[in-house]
Amino acid sequence: VPSFKGLGVATDADTEEAHTFRSYEATVPYDEDRGDRSEMCAAFDVARSPLLRRLTARVIKRIISQAAIDEIAPGASMPCQMLGWCLVLNGEAVVEIPGASEDGCLRGTAAGETKGDRAVELARLRRGDSINWKDYDCDSFGDGVNCSSDEDFRRQASRTRTHCAPKLDPRVTVQGNTPLRLCRFHPETSGFIARGGSKLTSTPSRGSSGTGGVMAPMGMGSKHPLGLARQVLSTHQREARSLSDVLTTLWLCASAPREGIGQQGRSALRAHFLASLWAPLLNMLEEHKVEIKTRQAQGYRKHDCFPLQGHQIVGLKAHVAHLTEIWYGATRGSNYSMFYKWFVEAMTTLGVTAYHYKSIPQETSPDKWCTVVDGAARANALKGKGGEDAMYVASGGISQKQGRSAIDNTLLRNVMLPWEARELFVGRAVRKAACKFIAIRQTCILHKLSAHLELNMWDLASKDATRKAHVAACAVLQAMSPGELSDMGVDHESICWRQLRSTGVILAGYGQLCAEDQRKLWEAVRSLVNPRSNDDDPLGRTFSSGKEASLDAEDVFEQFVAWCRDRPGEFFQGNKARHFEVHLAGIWCNKIIMVKRSVMERFSLARYFPLYWHRTQPLWGCHSTEPFTVREQGVQESSHVRANECPYSAFHGMSLSGGTHADEGLAQEKAMRRRQSCILMEMQWIRDPAANIENWFLTDIEKILQEAWQLNPHGPKEMHLPGEMFVVVGQNPKVGSSIKETQHTQLYEGALSTYPVMQLTANPRYFERLSAWVDVVPVGPMKTDDAEAEAMLNAAAGEAGEESPEDQHGIFVRITTQRPTAPELVEFLVQLRLCLLAKFGGGQTLDFLVLAMSDEKGGFVVLFAPIPQLVKLGDEKPDFASWANPLTGESSDVVGLEEARVDVGKGVGHFLVSKTALREQLLSDGEGTLRRVWAFNRVPGLRAAVDGFVAQWRAFGED
């Protein structure tokens, strides 16, 4: 392998380049005794390039044996083309275009031109990154353009090629005090790398080209989570004919630049990124939604209609994160806004949600302060959901009900009794075979009909025929009389004929049968797989009766299965040693069947994608006694984001705690070369049962802030990528939450400009310690512009022993910041909540509404509102009941409010309305009604307590 000194670099001491290149060390082959082999293997494990991730250990070993290690001294700079194809082992460097023009174009500095004020940073190189900059054709812009049809366009294209004639000359500059260590691949092995190491049985021949071998483009339906990235990379790396090719290769294989592509002011960079990387991603996601609809039309079962598996969702999410980090820059960070939007849309298309939110009537008050969602229409849409779920289970689907609440089914249990496993796997195989026999019988029927009618019915009713052909076949079949069918030996009451007559197409799968036929076929399959007695089985086998596992059973293994179903994520009988003992013993003696987690995810309807974060502050609980720690500081947390099955807002989702079971977490995203998950993850090994926390009395502020940061774009609205949107994150207080047992946050589309109440301000002050603006905002019906009159009213109220007008306002703390996850800000809010709980009597007296949303300018707004624990009056349902504030003694009936509660929706003016009187009240005076709701939820003495805490914190600039 030639060294840098052998690449024709000038050695004249008078040249500028000679001084730069003398700082390079000579290239040497790797030395296994020095640990070079382990260093290169470690770099391959975290390789960012999609082509390097899929290489097998055998191929990596062969590549390493023919590679060489180079070191570039700190501060040195050299052209990218001189490096070849390299993998970074250690150090950090920046890839930049020195002296780029300032007009938005990317042409480099040519002879006679003046260098720009600063270089354009394209990417950064760290351990696991790779670079393979190639020469490209500047004139590829005009290729394939029919210039004769438009002379003006031809002249414009010619001028553009002339303008951009100087090629880019990016350079790699080493940062810091550590040399950049590179693993430079042998030129003759690059083709095998591009093919994923296929047919690598001997040393590559001398005649092979360095870039001649490329992997075959993988379709959008590739099973690998980064199939799209590999397809794009292999396409652009094959020939590198244009600037888009080399830029795409660099961006997919290197780390994001410090300043994002979207904020550098270079329109050419943005255009190449959007056309070569972002647009193919959007097209692929759209094709996934089309695939869902296609499978639904073909009669797939609901859990089989989603085309991605769990590890593919994680891989796709990581790819979105990398692209958004390139666009917004490493300083701003990545986000999953677009991915969340697509995911909720896909779940809606799949039918996981009971209805489409847009189908529910909505009204907005004339003053734009309140939105009214028709609760009656939503209730009607939910009526059929229970029947659909029951039919799904009766026809062979896995029950989605488990755990402590209705939403505790994100991870279905993977331990079963033997009879359950037989039904799940053997029964599905028998069911599939039965469908094959039905299709064969239908084929025979079509052949008989073709001979009788002298019409090729096979062409009309085959799976590959068009929809029009199926309609024609259906019409012909429905015209056949029972007598004619009997003469041909066809039973007109059989399941084969009925299905063929109703659809006009040969059966392709179990889901194409009608619901009643599915139920009958499944009952027959169950009787074959699990006979109820020895007499029913021709082999005389003994089977379980098929009774559901119960905690009251005498068999300890049956108790274990029931425990995992009813209390997922908790140790059996609260004993860790006992849990593992029964679990492993049941597997060894075949009393318990364990299924891989990746297999069970295919049967789950509640698909999710994970978000990972570290807790910097403890989660405190406080009832009427002393505060106690629920979650310790410094633990790794996981949030499982899924669609809300009963949405009452646009793009409504929820996020549940997912830290109970073993998960590869961030390591899974970084080491994507491994396709299989770790064994503990596949076993759903319980890692942290303390992550199973309740939703009431535990406002998880840090969880809300972390999810808002990861799900929102990190830039102003003008900088957004196509498909992105703003997301509001909040947690319902007890009065607005119907699920106590499972902690969850609410996610929906929205931002600061969506809600007028969030735009209220009083006296914002800059909190220097937090790098944020803090404002304590009173919200109430009383308005006066006369300061003297207001003072007189306050004095009169005080003499009479009544509340002052100031105390008749509800309040919330409004914080505006660029980084809501800053540890200082999280600590401030956590300590403020803990202080107020201790002062007002704990969680039984005081609750909190916390929301986080984007300000649409690149920052975030956090709402922190202490509210009283309202008491329901009467036996009516919560939406129809009256409520009382025990701290003020008022009731909603007395003050004339049809709705008195504050939650993540009502607190900002988004009401789910079931009462006609409430609808009329909101539409007639939206602002006045919302202000009165906040005033009703006031806490006497709260303003003084908040001001005292702020003063004690001593964080304002003047303190």
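Nine cavities of 30 Å³ or more are counted in this protein, and the model in which they are found is a predicted one. The two with the greatest volumes are taken up here in turn, followed by the fold as a whole and one histidine.

**The two cavities**

The largest cavity holds about 210 Å³ of space. Its lining is made up of 18 residues, and those closest to the centre of the cavity are Asp-408, Ser-657, Gly-658, Thr-660 and Asn-692. When the lining of this largest cavity is sorted by class, ten of its residues are polar, five are nonpolar and three are charged.

The second largest cavity, for its part, holds about 150 Å³. It is likewise lined by 18 residues, and here Asn-414, Val-415, Cys-564, His-661 and Gln-684 are the ones nearest the centre. Helix H20 (556-566) and helix H21 (576-588) are the elements that contribute two or more residues to the lining of the second largest cavity. By class, that lining comprises eight nonpolar, seven polar and three charged residues.

The class counts for the two linings are set out below.

| Cavity | Nonpolar | Polar | Charged |
|---|---|---|---|
| Largest | five residues | ten residues | three residues |
| Second largest | eight residues | seven residues | three residues |

**The protein as a whole**

The protein contains 31 helices and 29 strands, and of its 959 residues 54% are buried. If one considers the contacts between residues at least 6 apart in sequence, 72% of them join residues that are at least 24 apart. The accessible surface amounts to about 41500 Å², with carbon and sulfur atoms accounting for 51% of that area.

**His-652**

Where in the succession of strands does His-652 lie? This residue is placed in the loop that runs between strand E17 (636-643) and strand E18 (653-657).

Is His-652 buried or exposed, and why is it classed that way? His-652 is classed as buried because its relative accessible area is 2%, whereas the cut-off for a buried residue is under 20%.

The side chain of His-652 is joined to that of Gln-746 by a polar contact of 2.7 Å. Gln-746 also appears among the residues that His-652 touches once those up to four places away in sequence are set aside, a list that further includes Leu-747 and Tyr-748. The remaining residues touched by His-652 on that count are Tyr-340, Val-344, Ala-643, Asn-644 and Pro-647.

Key. Residues numbered from 1 in each chain as written. Predicted model: local features only at pLDDT ≥ 70, side-chain atom pairs only at ≥ 80, totals over all residues. Heavy atoms only, no water. Helix = DSSP H or I, 4+ residues; strand = E, 2+ residues; numbered from the N terminus. Buried < 20%, exposed > 50% of the residue type's maximum accessible area, 1.4 Å probe, protein only. Contact = heavy atoms within 4.5 Å. Areas by Shrake-Rupley, 256 points an atom, 1.4 Å probe, with all protein chains shown as cover. 1 Å grid on protein atoms, 1.4 Å probe; cavity = no way out; pocket = protein on both sides within 12 Å on 5 of 7 lines; lining within 4 Å. Points joined across faces, edges and corners; volume = space filled by probe spheres on them. Nonpolar A, V, L, I, M, F, W, Y, C, P; charged D, E, K, R; others polar. Polar contact = N/O pair within 3.5 Å; in protein donor to acceptor, adjacent residues only side chain to side chain.
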